[in-house]
Amino acid sequence: MFKVTVSHGAKKHQLSFGDSACPTSEELTTRIEAVTGVPISRQKLIHKGKQIAICKTPLSELGVSSGSKIMLLGRQNSPQNDEIIQKINKVKSDAEQIKAKMTDLDGQLQGIKNGYMPDDLKAEALSKIHKQCIGCVEQCMKLLEHLDSLQSSDDSIRSMKKSSVLIIQSMLDECDKMMEKL
């Protein structure tokens with residue numbers, strides 16, 4: 001029987017694996033999630049000062065033996081955080097749609113620049129592309145405002161927000177470059 005002690009904060013959890021001579025780190029993280037409520041994606045396991053990789057490798061090959069002590073770093077998801085994560089994912093989805101529209105506009109602009117449109121229609125087409133670019137900028141700004149309204153002290157959520165902001169800012173830069181071509 002394989003046993004480990006997992007400490008999470010002030011609590012200690014004794015885990016036994018009677019069904020497996022030596023469980024994998026994936027099996028360990030699944031069991032830890034069931035006991036502590038900390039999702040696998042938010043778990044960081046430390047044994048003898050080193051992080052344990054979450055994989056199908058038996059714990060014994062990772063230097064963990066029966067009776068070992070493992071420290072768990074990570075937090076449970078809260079309903080509020082789940083709601084914020086859903087909102088951030090919605091913003092990312094909306095940003096992808098705006099990005100697709102911008103790609104289409106850039107293609108139209110390249111077509112005009114390459115002479116695929118009669119001269120008498122170019123001015124009107126460029127005006128429409130300009131208006132649509134402005135619309136994309138406004139949508140991006142609304143997404144940034146929405147992200148700014150989402151408050152959380154959770155580092156992983158703040159990291160998600162930051163990466164979304166950086167994506168939207170790069171899209172705004174692309175819009176600026178496109179509008180300079182007009």
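Good morning, colleagues. I begin with a contact between two charged side chains: Glu-26 and Lys-56 form a salt bridge, with 3.6 Å from N to O. Glu-26 belongs to helix 1, residues 25-36, whereas Lys-56 sits in the loop between strand 4 (50-51) and strand 5 (68-73), so this pair ties together parts that are 30 residues apart in sequence. Glu-26 is partly exposed, at 31% relative accessibility. Lys-56 is exposed, with a relative accessible area of 66%. I should state at once that the model is predicted.

As general background, side chains of opposite charge can pair when their charged atoms come close. How many salt bridges does the structure hold? The count is seven, and I shall present two others among them.

Both of these lie in helix 3, which spans residues 119-149. In one, Asp-119 is joined to Lys-122, and their closest N and O atoms are 3.2 Å apart. These two residues are three apart in helix 3, about one turn of the helix. Is Asp-119 buried or exposed? With 63% relative accessibility, Asp-119 counts as exposed, while Lys-122 is partly exposed at 23%.

In the other, Glu-124 meets Lys-128, with 3.7 Å from N to O. Here the separation within helix 3 is four residues, again about one turn of the helix. Glu-124 is partly exposed, at 49% relative accessibility. Lys-128 has a relative accessible area of 51% and is exposed; the cut-off for that class is over 50%.

Let me turn to the aromatic rings. A search of the whole structure for aromatic pairs returns zero. There is, however, a contact between a charge and a ring: Arg-31 lies over the face of Phe-17, at 4.3 Å from the ring centre.

Finally, I come to the packing of helices. In general, two packed helices are described by the angle between their axes and the distance between the axes. What is the crossing angle of helix 2 and helix 3? Helix 2 covers residues 79-113, and its axis crosses that of helix 3 at roughly 165 degrees. The two axes come within 10 Å. An angle over 145 degrees counts as roughly antiparallel, and helix 2 and helix 3 are therefore roughly antiparallel to each other. Their crossing is left-handed.

To close, I would recall two points. The salt bridge of Glu-26 and Lys-56 links helix 1 to a loop, whereas the pairs Asp-119 with Lys-122 and Glu-124 with Lys-128 lie within helix 3. Thank you for your attention.

Note on methods
Residues numbered from 1 in each chain as written. Predicted model: local features only at pLDDT ≥ 70, side-chain atom pairs only at ≥ 80, totals over all residues. Heavy atoms only, no water. Salt bridge = Lys/Arg side-chain N within 4 Å of Asp/Glu carboxyl O. Buried < 20%, exposed > 50% of the residue type's maximum accessible area, 1.4 Å probe, protein only. Phe/Tyr/Trp six-rings, centres within 6.5 Å; stacked < 30°, edge-to-face > 60°. Lys NZ or Arg CZ within 6 Å of the ring centre and 35° of its normal. Axes fitted to C-alpha atoms, helices over the stretch in contact; angles between N-to-C directions. Parallel < 35°, antiparallel > 145°, perpendicular 65-115°, else oblique. Left-handed = near helix turned anticlockwise from the far one by under 90°.
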